[in-house]
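Please keep the sequence and the coordinates side by side while reading, since the explanation moves from the chain as a whole to its helices and then to single residues.

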Amino acid sequence: ITARKMADVPIYNPVLSVAVTLHLNTCYDRPCVFTLTAEPLPELLPADIIRLFDGLFANSENTRLIAGGHEPEYLPADEGCPYHRLIFAHGFYESALHEISHWCIAGVQRRLLPDFGYWYEPDGRSAEQQRQFELVEVRPQALEWILSVACGRRFRISTDNLNGEPDAVSAGEQAFRRAVGQQAHHYLTHGLPRRAEMLKQALLDYYQRHSAFAAYVFTPDDI
């Protein structure tokens, strides 16, 4: 192998959940030496995602992100509160990303309704109810995957179907995984919703992950 100059190639390892830099040492007529340097992913603090979200949308969309103590909830402005509240569960960063993804897809009229006008059917759904649930979840989970890579969080799909028949659950997860992968590819090819793109860029800037994001391969088998 002949190389003319040193090159650092960023790689994302989804198994280790670390960013890895491949150092290609300069060499001419002798074998090159390759070294790998593992770079720890950033610490993800709920206060940071709140600050980033509110900085983008508190004024422009009259919406604030709030760390809740229990279940996630979206509450539009009312006589008791002058701004819309996007509340994520138990103060978890991953819950914030998931709720934000739903919010980024919801249109103007849905954002005037509690929980965007959706009715949540708890685990234990019928096969048809589960299919409808997964149809609604494809787009937000595709966005959540993209935003997760932007901030350095490992993403896993969720069909929220713990009590289903095991074979049916497994088959459903495989189909859902493919659908999320196809939707993510569509977003990356044709563009994210405007608010999702704004947040993605803010996450990339804040966590300095432009190179890692560019190197990441969106493969459905990894989620």
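The paragraphs below take up the overall make-up, the helix packing and a few individual positions in turn.

What the reader has here is a predicted model, and its protein chain contains 6 helices and 6 strands. Followed from the N terminus, the elements of the protein chain come in the order β-β-β-α-β-β-β-α-α-α-α-α. Of the 223 residues in the protein chain, 41% are buried, and the accessible surface amounts to about 12,400 Å², with carbon and sulfur atoms contributing 55% of that area. If one takes the contacts in the protein chain with a separation of 6 or more, 57% of them join residues that are 24 or more positions apart.

A convenient place to enter the helical part is α2, a helix of 13 residues whose first and last C-alpha atoms are 19 Å apart, close to the 18 Å expected at 1.5 Å a residue. Because 11 of those 13 residues are buried, α2 is largely enclosed by the rest of the structure. The buried set consists of Y93, S95, A96, L97, H98, E99, I100, S101, H102, W103 and C104, and these residues pack against strands β4 (63–67), β5 (73–75) and β6 (84–88) as well as against the helices α1, α3 and α5.

Two packed helices are described by the angle between their axes and the distance between the axes. For α1 and α2, the axes come within 9 Å and cross at roughly 25 degrees; since an angle under 35 degrees counts as roughly parallel, α1 is roughly parallel to α2. The residues that make this contact are P46, I49, F53 and F57 on the α1 side and Y93, A96, L97, I100 and W103 on the α2 side. The handedness of the crossing of α1 and α2 is left-handed.

The pairing of α2 with α3 has another geometry, in which the axes come within 8 Å and cross at roughly 125 degrees, and that makes α2 oblique to α3. Here α2 contributes Y93, E94, L97, H98, I100, S101, H102, C104 and I105, while α3 contributes E137, R139, P140, Q141, L143, E144, L147, S148 and C151. In this pair, α2 passes α3 in a right-handed crossing.

Helix α5 spans residues 194–207, and its 14 residues should cover 20 Å at 1.5 Å a residue, which agrees with the 20 Å between its end C-alpha atoms. Its buried residues are R195, A196, L199, K200, A202, L203, L204 and Y207, and what covers them includes α1 (46–57), α2 (93–105), α3 (127–151) and α6 (210–215). With α1 in particular, α5 packs at an angle of about 130 degrees, the axes being 10 Å apart, and that makes α1 oblique to α5. The crossing of α1 past α5 is right-handed, and it brings D48, I49, R51, L52, L56 and F57 of α1 into contact with R195, M198, L199, A202, L203, Y206 and Y207 of α5.

Returning to α3, two of its residues deserve a separate look. F133 lies in this helix and counts as buried because its relative accessibility is 16%, where the cut-off for buried is under 20%. The C-alpha atoms of F133 and D160 are 8.9 Å apart, although 27 residues separate the two in sequence. E134, which is also found in helix α3, has a relative accessibility of 15% and therefore counts as buried. Leaving aside residues up to four places away in sequence, E134 touches T159, G172 and F176.

The last topic is backbone conformation. Most residues other than glycine have a negative phi, and most peptide bonds are trans. Against that background, N62, found in the loop between α1 and β4, has a positive phi of about 50 degrees although it is not a glycine, and at 29% relative accessibility N62 counts as partly exposed. H90, in the loop between β6 and α2, likewise has a positive phi, of about 55 degrees, without being a glycine, and with a relative accessible area of 41% H90 is partly exposed. Just after α5, Q208 takes a positive phi of about 55 degrees.

Terms used
Residues are numbered from 1 along each chain as its sequence is written. This is a predicted model: local features need pLDDT of at least 70, side-chain atom pairs count only at pLDDT 80 or more; totals for chains, interfaces and linings use all residues. Side-chain values use heavy atoms; hydrogens and water are left out. Helices (H or I, at least four residues) and strands (E, at least two) are DSSP runs, numbered from the N terminus. Buried means under 20% relative accessible area, exposed over 50%, partly exposed in between (1.4 Å probe, protein chains only). Contact means heavy atoms within 4.5 Å. Accessible areas come from the Shrake-Rupley method with a 1.4 Å probe; for residues, only the protein chains shown count as cover. The expected span of a helix is 1.5 Å times one less than its number of residues. Axes are lines fitted to C-alpha atoms, for helices over the stretch in contact, and angles run from 0 to 180 degrees between N-to-C directions. Angles under 35 degrees count as roughly parallel, over 145 as roughly antiparallel, 65 to 115 as roughly perpendicular and the rest as oblique. A crossing is left-handed if the near helix is turned anticlockwise from the far one by less than a right angle, and right-handed if clockwise.
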